Amino acid sequence: MTASNAIEKPPINLGATLKEAGIAALIALALALPLAGFRLPDGGGSAFTTRPWWVVVAVVVVFVGRMAFALWRHNRSISHGAGIFDRILSALAPYSRIIFIGFFALVALLPLMPFADRRMVDLGTLVMIYIMLGWGLNIVVGLAGLLDLGYVAFYAVGAYSYTLLAVNFGLSFWQCLPLAGLFAGLFGVLLGFPVLRLRGDYLAIVTLGFGEMVRIILINWSDLTGGSEGITAIPGPSLMGLKFTPTPGAGETAFHQFFSIPFAGIHKLIFLYYIILALALVTHLFSVRIRRLPVGRAWEALREDETACRSLGLNPVLIKLSAFGIGAVLAGFAGSFFATRQGFINPSSFTFIESAIILAIVVLGGMGSQVGVICAALVLILLPELARDFAEFRMLLFGGVMVAIMVWRPRGLLVTRDPSVMLHGFDLPVAGTTQVVPKNSGTNPLLQIEHLTMRFGGLTAIDDLSFAARAGDITAVIGPNGAGKTTVFNCITGFYRPDVGRMCMDHDGGVFLLERMEGYQISATARVARTFQNIRLFPRMTVLENLMVAQHGKLMRASWYSFAGLLGLSRFKNAEARAVADAKIWLERLDLVDVADTEAGTLSYGVQRKIEIGRAMCTRPRLLCLDEPAAGLNPNETQALNKILTDIRDQTGIGILLIEHDMAMVMDISDHIIVLDHGARIADGTPDEIRKNPAVIRAYLGEEDGGHS
Amino acid sequence: MSQPLLSVNGVQSFYGPIQALNGVDLEIREGEIVTLIGANGAGKSTLLMTICGNPRARAGKIMFDGMDITNHATHEIARLGIAHVPEGRRIFAHMTVLENLLIGATPTDGTNIEADSQDVFELFPILEERKNQRGGTLSGGEQQMLAIGRALMSRPRLLLLDEPSLGLAPLVVRDIFKAIQDINKSRAMTVFLVEQNAYHGLGLADRAYVMANGEIQMTGTGKELLSNENVRAAYLEGGHSVR
């Protein structure tokens, strides 16, 4: 067919657009009339002046603006490809390092420029405080996906820690800084421990409450904190013992005396500017680096899918606590800097609106984006300050810019995500390995399930089920939908705790009792891996990253729980290279090398299924539980999968437990089949025995399918 | 039958940053069952989603009953009479079966809800038994029936089915395909079916298309494609006897 592919532009519906603009203008009228139309005299009294023209202007602006917006959007829906902003960004991407260094040099030199006055330096300092806070919160919200509405609490803890230590014990700023970070971090962990079981909205409400609690405690514990008056006369920082004061005390040397220059107030401001610049730079380097470490990947994986994380042996509580704690430490640093800059603090600096602004910086910048935070902080902090010239229109302008950004880039200013590790371009010095389980010498089965029973309310999903799976075997579990197959998997992998029964996983002669282990231990310690019926990948991470998350435990140990990684020691680099090499083996076997650096969520269903199997194998399991791996595959693809599974069985010697409805596949590759119906075992045997079993044909296969396959 | 009910003309579409459709042409006439088969990643699901306006086609034209719907919003397309049963069913797990069905009736004026839900219960009697149960507690096969029933509640003229046999036991697969045939025959519903289970999918199709790499590779009646050597080799046999 040779259809003309040029898109015909449908005409814009003028009537509907006019109506829409009219409604917007009416709303503007209703708002502008009381807000802008009447003006009470400044000195009080009941006489007021009217400003009809203001209302007219507001209504006309809204009407015309709405029309223009509709036209713009109409034209945009036809346009192809990436927007101009995205194109500029991708054009700049190769020079990002130069741009970063250039930007940093500019920021570093700013206070030394002849045009830099007090206000500019002060403003720069303020913006950098928020950038630092934004980066801290970015770890919690953007990476780990934990919505924290009380972030300002840690900022407050940092500020008060510094203040109290400095005022009461005379410690200097540099002594207090790490302590303040430590206290804030401890607070984060203490708060996190009980509440991190919660997710999403619930976590947000609890953290919101925590933020308010801290503020109220600060107000009411007046013996310690000075109540709502706060604490004044906080000592400023010193440069190697040099103070920034016109009149140094006895035995002290002031900055201007040491350098024999006249005293100027701006010296202190410039010094503060450099302190926060250094702090922000350290925060930046730290964040960039930790995002590429196993712990950073684990944060993102947790944001994407907590259930999958547990199935890969990640302990969600520890990972969340580390994100919460590190975010709090950074807020603590920023807080103690805030205190020393202000010279006084009181609880009114730590209200909910501060948390909201920091969160807005993270969201507006594009969750998880380092540079996005800088852009958003510039817009959110600088704009209201610069717009002071517009007097009473300041906030109107600010609101307008906010609305425009959200219309223009609803997911934030910068939403591109750099993968933490890339296969292409990764220099692999070593060849990967896979596990090989020695042939089961003893008589013990790999997994022995005895009298397993699981009830949900009145419904008995599994009823006194016993069976065994051997190493080096593919054991299939089949049965009608709703027979309890997936429930068996959920019991084995620790997602459900069975009411009755024992599940013994063989382990070098001993056994692990799976029913007594936490979900993540079953993968990490007992080495049972699983896939999911409805595919649980980390969709916004690349295929390789998915496989790297599966090797979390080993990489964490190799990186000394991140310290070796942060320092860039070769110990960690070698371990990471080995992990990539191991992952590459599975990428090659599953024919995924080409898509290794593609976001997993953009790939098709069948490819995602393969990724899930590769990810499970990267945990080096002794038992692999596959929940309908062939669903959504056509016969050719199923056959390729059969080959993969039999290869895994024959080459690694691990046991495979398989739930599947594709009978051709089950009959072809299984060594042993167990048939469930209504939670009980109705048959157990080799494929040939099962095919002929009348009970199985009745409940599951159907008459005509039983005979040939 | 002068003009097709749905015609897709040179449609290109992107899934994220990846071009999934490279100019697809096909048409579906009133009363037909048309099946689309193809390997994973060929763009089958993306085509169904593009017909529903999410994502919108970047190029080409989609006509439904003589109207250009290429740039319509998804909810408008649903109102025009195209119902989509998505891959993986996507039922509302925390709402009851009946509530799921009632939501399905949103695009209608609401006067036929009683009769329509009775029709669905007739087609899938198990749903009536479970009507006050939450959707998430249903078995896979029942959820698929609910997803189809929910789509039927919108009184569509064209039913788009994305892999209805996914993850279902053999007996249930047969029930579902029987129901699809029944919907087509007794209710004169036009059906566009995307299926991996090519044997079943082609078996009940009046006409079928084969898709690869975002393009239509082949077309013919269901029977023609079932007996076509290339199709058999690529999508049916895979080393197995056909079930």
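## Close-up views of chains A and B in a predicted model

**View 1. A hairpin in chain A and the sheet to which its strands belong.** S3(A) and S4(A) pair in the antiparallel sense over seven bridges, and in this predicted model the two strands form a hairpin that leaves two residues between them. Gly457(A), which sits in the turn, has a positive phi of about 60°. One bridge of the pair can be placed by its residues, since Leu447(A) has Ala469(A) in S4(A) as its bridge partner. On the S6 side, strand S3 (residues 447-456) of chain A is joined to strand S6 (residues 500-507) of chain A, again in the antiparallel sense, over five bridges; here Ile449(A) has Met503(A) in S6(A) as its bridge partner. These strands belong to an open sheet of four strands with antiparallel pairing, in the order S4-S3-S6-S7 (chain A). Its edges are formed by strand S4 (459-469) and strand S7 (510-513) of chain A, each of which pairs on one side only. On average, and with direction ignored, neighbouring strands of the sheet are turned by 25° against each other. In a regular strand, the side chains alternate between the two faces of the sheet.

**View 2. The helix that lies across the sheet of chain A.** Helix H18 (residues 485-492) of chain A lies across S3, S4 and S6 of chain A. The direction of H18(A) runs at about 70° to S4(A), the strand that forms one edge of the sheet.

**View 3. Packing of H5 and H11 in chain A.** Helix H5 (residues 118-143) and helix H11 (residues 265-291) of chain A pack at an angle of about 20°, and their axes are 9 Å apart. An angle under 35 degrees counts as roughly parallel, and H5(A) and H11(A) are therefore roughly parallel to each other. The crossing in which H5(A) passes H11(A) is left-handed. Divided by class, the residues in the contact of H5(A) with H11(A) are 17 nonpolar, five polar and three charged.

**View 4. H14 of chain A in its contacts with H11 and H7.** H11(A) and H14(A) pack at an angle of about 175°, with 11 Å between their axes, which makes H11(A) roughly antiparallel to H14(A). From H11(A), the residues Leu272(A), Ile275(A), Ile276(A), Leu279(A) and Thr283(A) meet Leu330(A), Phe333(A), Phe337(A) and Arg341(A) in H14(A). By class, this contact of H11(A) with H14(A) consists of seven nonpolar residues, one polar and one charged. Helix H14 (residues 316-342) of chain A also packs with helix H7 (residues 173-195) of chain A, at an angle of about 145° and with the axes 7 Å apart. The crossing of H7(A) and H14(A) is right-handed, and its contact has 15 nonpolar, 10 polar and one charged residues.

**View 5. The mixed sheet of chain B and the helices that pack on it.** The secondary structure of chain B comes to 10 helices and 10 strands. With a radius of gyration of 17 Å, close to the 18 Å that the globule rule gives for 243 residues, chain B is as compact as a globular protein of that length; along the principal axes, its C-alpha atoms fill a box of roughly 45 × 45 × 40 Å. Six strands of this chain form an open sheet with mixed pairing, in the order S6-S7-S8-S3-S9-S10 (chain B). Strand S6 (82-85) and strand S10 (215-221) of chain B are the edge strands, each pairing on one side only, and neighbouring strands are turned by 15° against each other on average, direction ignored. Within the sheet, strand S3 (residues 33-38) and strand S8 (residues 190-194) of chain B pair in the parallel sense over four bridges, with Leu36(B) standing opposite Val194(B) in S8(B). Helix H1 (residues 44-51) of chain B packs on the sheet and touches S3, S6, S7, S8 and S9 of chain B, its direction making about 150° with that of S7(B). Helix H7 (residues 170-187) of chain B lies across S3, S7 and S8 of chain B and runs at about 155° to S8(B).

**View 6. Backbone details in two loops.** In chain B, the peptide bond from Asn54(B) to Pro55(B) is cis, with omega near 5°, and Pro55(B) is found in the loop between H1 and strand S4 (59-64) of chain B. In chain A, Arg620(A) is found in the loop between helix H24 (605-617) and strand S9 (623-627). Phi of Arg620(A) is near 55°, a positive value in a residue other than glycine.

Terms used:
Residues are numbered from 1 along each chain as its sequence is written. Chains are lettered from A and ligands numbered from 1 in the order in which they are written. This is a predicted model: local features need pLDDT of at least 70, side-chain atom pairs count only at pLDDT 80 or more; totals for chains, interfaces and linings use all residues. Two strands pair if DSSP finds at least two bridges between them. Axes are lines fitted to C-alpha atoms, for helices over the stretch in contact, and angles run from 0 to 180 degrees between N-to-C directions. Two residues are in contact if their C-beta atoms, placed from the backbone, lie within 7 Å. Angles under 35 degrees count as roughly parallel, over 145 as roughly antiparallel, 65 to 115 as roughly perpendicular and the rest as oblique. A crossing is left-handed if the near helix is turned anticlockwise from the far one by less than a right angle, and right-handed if clockwise. Ala, Val, Leu, Ile, Met, Phe, Trp, Tyr, Cys and Pro count as nonpolar, Asp, Glu, Lys and Arg as charged, and the others, Gly among them, as polar. The radius of gyration is taken over C-alpha atoms; the globule rule is 2.2 Å times the number of residues to the power 0.38.
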